[in-house]
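These are my notebook entries on a single protein chain. I record below what I looked up, entry by entry.

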Amino acid sequence: MHPRLALVRWRSPKFQVVVAILFGFLVEVLYHQFHYHVPRPTEEKDPVFQVGCREPDTSAPRENAAIIMLAQNSDLESAISSLQSLEDHFNKWFHYPIVFMNNEAFTDEFIDRVSKVVSGEKKFEVVGKEYFGFPEWMDEDLGKQLVKENGELGIHKGGLEGYHHMCRFYSGRFYDVPALKEYKWYWRVEPHVQFSCAITYDPFRLMREKNKKYGYTIALWEIDNTVPDLFRVVSEFKAMKNIRTTSLWKSLVRPSWMPWGLRWLKAGQPLHDGNGDEWNLCHFWSNFEIGDLDFFRSQEHREFFDFLDLQGGFYAERWGDASVHAFAAALLLRSEELHHFEDFGYYHDPWKVSPANALGMQLEESKVLGPLSDDIVDGEEGGTGCRCEKKQVRNFQNYCLNKVQRSSRPAAWPNKMWGDKWED
């Protein structure tokens, strides 16, 4: 095209209007992306609770706390394995009570054998259908049909009725179980888990002193076909209650690159909200969690769970309690109220995490922890974790942990779990 013709076209009012509109779209899209940007803090907001390896301090009073385990009688061997690991690495010094929960009566064999492992008080609670079962408003035959359809679709554990009940129970009913009503703090331990580092401090006490509400070890992606409508429903609750947009909420959102006026085209798709933005599927893995029961019992959280429950997604889909807890934290907590237990070595199939272990030279001949052995990983000065076992290799870290910690960890903060730097 001749340069003079191009200049004439540029001066054309219609062409200028089109360019102005396209430029406006670009500016709006960039602003939308910037709105979801979470800047790194200049200072650490969630430091590790203990650096180095120390003798267990058992002199302080115990917190009003319990370790909880939901298990069936058929889980006996894996439950004993988990409990023995917990005793070896923590509870043989602190002796916190353990509350066992089951939707059926525990057998005498289960009670007798786990009682021999646990050093603290033992409580055995049969959880009724009002906590562990279909919601009152849902026809049971409909619920069973929904579970069956989930299984036929090949959704992970979607065809297991008990698994749906478990997800709903831990999402919003467990804190009302009579045996837990007297406690403020809980530590969730499941069958099939292992701990690999000595936990020589009381995490409940540190959670209280540091004003933490929820603690986790692993953040990872949810399985997408289990939760296609969850983000939309949670976003509707957020809008209905006019809940502020927290930095953690932003870290869970993948904002749309489509301009305003066109984003609605994505609104009806799985994992998207009504504005066309997408959940990046990041969440906390809740098979390990330490939390404040008062947070879950709050009116705000009860309203949140009740809203989700009435949508039927715990059965029409397979909404997991891990994702529900992550969204509850994103809606109702500040980022500094969360804690990452990066000094805990933890395993739940298929993922393992283990910190950059610190032996603490002064503890090489510890009378409490015992002598060092060939099973202990060589440590590093100032590292996190205490006497971590070699069998727990460091094999897990990802984008999601970086995302959920963005508002609490400074840029390029040393990642002591992996001995490298955080990447943006």
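Entry 1, Leu262. I asked whether Leu262 is buried, partly exposed or exposed. Leu262 counts as partly exposed, because its relative accessibility is 37%, and the partly exposed class lies between 20% and 50%. I note that the model is predicted. I located Leu262 in the loop between β8 (253–254) and β9 (278–279). I then looked up the surface around this residue: Leu262, Trp264 and Leu265 make a nonpolar surface patch of about 320 Å².

Entry 2, Leu271. I stayed in the loop between β8 and β9, where Leu271 also has its place. Which class does Leu271 fall into, buried or exposed? Leu271 counts as buried because its relative accessibility is 9%, and the limit for buried is under 20%. I also looked up the backbone: phi of Leu271 is near 70°, a positive value in a residue other than glycine. I recorded this value because most residues other than glycine have a negative phi.

Entry 3, Arg387. I found a positive phi of about 50° at Arg387, which is not a glycine either. Arg387 sits in the loop between β14 and α14 (399–404). Its relative accessible area is 6%, so I entered Arg387 as buried.

Entry 4, Pro350. What is the form of the peptide bond from Asp349 to Pro350, cis or trans? I read it as cis, with omega near 10°. I made a note of this because most peptide bonds are trans. Pro350 lies in the loop between β13 (346–348) and β14 (351–353).

Entry 5, Asn91. I turned to helix α3 (residues 76–94), which holds Asn91. Asn91 counts as buried because its relative accessibility is 0%. Which residues is Asn91 in contact with, leaving aside its neighbours within four places in sequence? I listed Ile67, Leu86, Tyr96, Ile98, Ser119 and Gly120. For the pair Asn91 and Ile67, which are 24 residues apart along the chain, I noted a C-alpha separation of 9.7 Å.

Entry 6, the whole chain. I counted 14 helices and 16 strands in the secondary structure. The chain has 424 residues, and buried residues make up 55% of them. Of the contacts between residues at least 6 apart in sequence, I found that 80% join residues at least 24 apart. The accessible surface comes to about 19,600 Å², and 54% of that surface belongs to carbon and sulfur atoms.

Conventions: Residues numbered from 1 in each chain as written. Predicted model: local features only at pLDDT ≥ 70, side-chain atom pairs only at ≥ 80, totals over all residues. Heavy atoms only, no water. Helix = DSSP H or I, 4+ residues; strand = E, 2+ residues; numbered from the N terminus. Buried < 20%, exposed > 50% of the residue type's maximum accessible area, 1.4 Å probe, protein only. Contact = heavy atoms within 4.5 Å. Areas by Shrake-Rupley, 256 points an atom, 1.4 Å probe, with all protein chains shown as cover. Patch = residues over 30% accessible without salt bridge, like charges linked within 9 Å, V, L, I, M, F, W, Y side chains within 5 Å. Salt bridge = Lys/Arg side-chain N within 4 Å of Asp/Glu carboxyl O.
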